[in-house]
Amino acid sequence: MAALSDRRRVFPATDADDHPMAESVSNNNNNLREKTRRVAGKNGHRPRPVRQRSLTRNIEHVAAETYLITRLAFKLLQYLGIGYRWITKFLALGCYAMLLMPGFLQVAFYYFFSSKVKRSIVYGDQPRNRLDLYLPVDISEPKPVLIFVTGGAWIIGYKAWGSLLGLQLAERDIIVACIDYRNFPQGTISDMVNDASQGISFVINNIANYGGDPNRIYLMGQSAGAHISSCALMDQAIRESGKEESVSWSISQIKAYFGLSGGYNLLGLVDHFHNRGLYRSIFLSIMEGEQSLKKFSPEIKIQDPCIKYSIPLLPPIFLFHGTADYSIPSIASERFANALKKVGARAELILYEGKTHTDLFLQDPLRGGKDDLFEHVVAIIHFNDTVALAKDATAPPRRRFVPEILLKLARKISPF
């Protein structure tokens, strides 16, 4: 992998039937249908076609997932009570989703009906311990793997939020595993970090069964998912440096870590989140009290001399952030990158001029075409793979999902 530079990198904003065999098969199919009719006559009913059973399972899955999300939403509303800021954010979120609905519907169809998406694979025994796999068309040879932990303000995170990323990376021959985890109020930050770590362990130990290469696994988190996954990464490094024997995965199996629009110092974000509608009382409940903020702040934790032996175990860390991000200001990634470099960790900061919290993860991918962040991640994952890099160079532009006017309107009213 290319050496990481210590300089800060800033990307400017851009707009951016006659065959005998056929006859034989036809005869065999006719015989099979005749047998099926005879069996149906004996039993009094006809068996349902495989496609119909599959469609029924898909509908049942959609219904179950919708029920889960709705139930958690109402439970959360009971906890929040009445608050002006979060109500306005919620209404803005509804309008934002409606504007992007043409793209969401296309991605949802792929998510629920593509044979290349393996949904809700169980990785643990807790609620929400499920993950989705997005597979390339050709898995005749082992493919690199990206483990993705979705964002959602620690409250509305869901594995399907990574479906657009999974679709687009699978087109570049990269397997994507999107991990679900307990959200608040179903769980607190310890539960989220433990779930993420268990999901990472499952992928590392089982991905070969799905066509993945266990020697080329990468970890990525977005927003709250970046915070959760970085905590899981830090905890694993500390466990391994302490020579614990109960580890179920090794940090050395993660080739690189990508943090997208994350917050890594909770002490500096409490007031910021409060002013944006994630009230202090709720945030502290999620983080298990004010006394736990340092414990779950990787930027602070990395500077503790007691864990200095865990630093060399960390993989190369790439932090991506938009300079116009108002949900989590880009200074959060800048400070974390500086703290990492100060203790000798391998880190690189990449800033995207004028990009917001949702530009990098939603609007730009839905726009299609060239995307600096997407190409950067693919280039790192395909490093030293000349065949994959050659295919990347000739890959067609990503297709557009949403008209430009809707994307611009969504950007203006985005609550993030």
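How many disulfides does the structure hold? The count is zero. A disulfide is a covalent bond between the sulfur atoms of two cysteines, and no such bond turns up in this predicted model. Two of the cysteines sit in rather unlike surroundings: Cys-95 is partly exposed, with a relative accessible area of 44%, whereas Cys-178 is buried, at 0%.

Now for the overall picture. The protein has 416 residues, and 49% of them are buried. Its fold is built from 15 helices and nine strands. The protein exposes about 20,400 Å², and carbon and sulfur atoms supply 57% of that area.

What about the inside? In soluble globular proteins, nonpolar side chains tend to be buried together. Here, the largest nonpolar core has 68 residues. Trp-154, Ile-200, Phe-283, Ile-286 and Leu-340 are the ones with the most contacts inside this core. A second, separate core has 44 residues, including Tyr-111, Phe-112, Met-220 and Leu-407. Back in the largest core, Trp-154 is worth a closer look. Even without counting residues up to four places away in sequence, Trp-154 touches a long list of partners, among them Phe-184, Ile-189, Met-192, Phe-273, Phe-283 and Ile-286. Asn-183 and His-227 are also among the residues that Trp-154 touches.

Next come some of the strands. S3 covers residues 130–134, and four of its five residues are buried. S3 has a partner in strand S2 (residues 117–122), joined to it by four bridges, with the two strands running antiparallel. In this pairing, Val-122 stands opposite Arg-130 of S3. S3 also pairs with strand S5 (residues 175–179), again in the antiparallel sense and over four bridges. There, Leu-131 stands opposite Ile-179 of S5.

Just past S5 comes a loop that leads to helix H6 (189–206), and Arg-182 lies in it. Is Arg-182 buried or exposed? Arg-182 has a relative accessibility of 11%, and the cut-off for buried is under 20%, so this arginine counts as buried. Its side chain makes a polar contact with the side chain of Asp-195, at 2.8 Å. Another polar contact links the side chain of Arg-182 to that of Gln-126, at 3.3 Å. Gln-126 and Arg-182 are 56 residues apart along the chain, yet their C-alpha atoms are separated by 8.3 Å. Leaving aside neighbours within four places in sequence, Arg-182 is also in contact with Pro-127, Arg-128, Gly-187, Asp-191 and Met-192, among others.

The loop between S5 and H6 holds Pro-185 as well. The peptide bond from Phe-184 to Pro-185 is cis, with omega near 10°. That is a bit of an oddity, because most peptide bonds are trans, just as most residues other than glycine have a negative phi.

The phi angles have their own exceptions. Asp-173, in the loop between helix H5 (163–170) and S5, has a positive phi, near 65°, although this residue is not a glycine. With a relative accessible area of 16%, Asp-173 is under the 20% cut-off and is therefore buried. Ser-261 is another non-glycine residue with a positive phi, this time near 55°. Ser-261 has its place in the loop between S7 and H8, and at 0% relative accessibility this serine counts as buried.

Asn-265 also lies in that loop, which connects strand S7 (254–260) with helix H8 (270–275). What does the side chain of Asn-265 reach at 3.2 Å? The target is the backbone nitrogen of Leu-267. The side chain of Asn-265 also makes a polar contact with the side chain of Glu-299, at 3.4 Å. Residues up to four places away in sequence aside, Asn-265 touches Ser-297, Glu-299 and Ile-300.

Last up is helix H12, which runs over residues 359–367 and has nine of its nine residues buried. The buried residues of H12 include Leu-360, Phe-361, Leu-362 and Leu-366, but also Asp-359, Gln-363, Asp-364 and Arg-367. After H12 comes Gly-368, with a positive phi near 80°.

Technical notes: Residues numbered from 1 in each chain as written. Predicted model: local features only at pLDDT ≥ 70, side-chain atom pairs only at ≥ 80, totals over all residues. Heavy atoms only, no water. Buried < 20%, exposed > 50% of the residue type's maximum accessible area, 1.4 Å probe, protein only. Areas by Shrake-Rupley, 256 points an atom, 1.4 Å probe, with all protein chains shown as cover. Disulfide = S-S within 2.5 Å. Pairing = 2+ DSSP bridges. Contact = heavy atoms within 4.5 Å. Polar contact = N/O pair within 3.5 Å; in protein donor to acceptor, adjacent residues only side chain to side chain. Core = buried A, V, L, I, M, F, W, Y, C linked by side-chain atoms within 4.5 Å.
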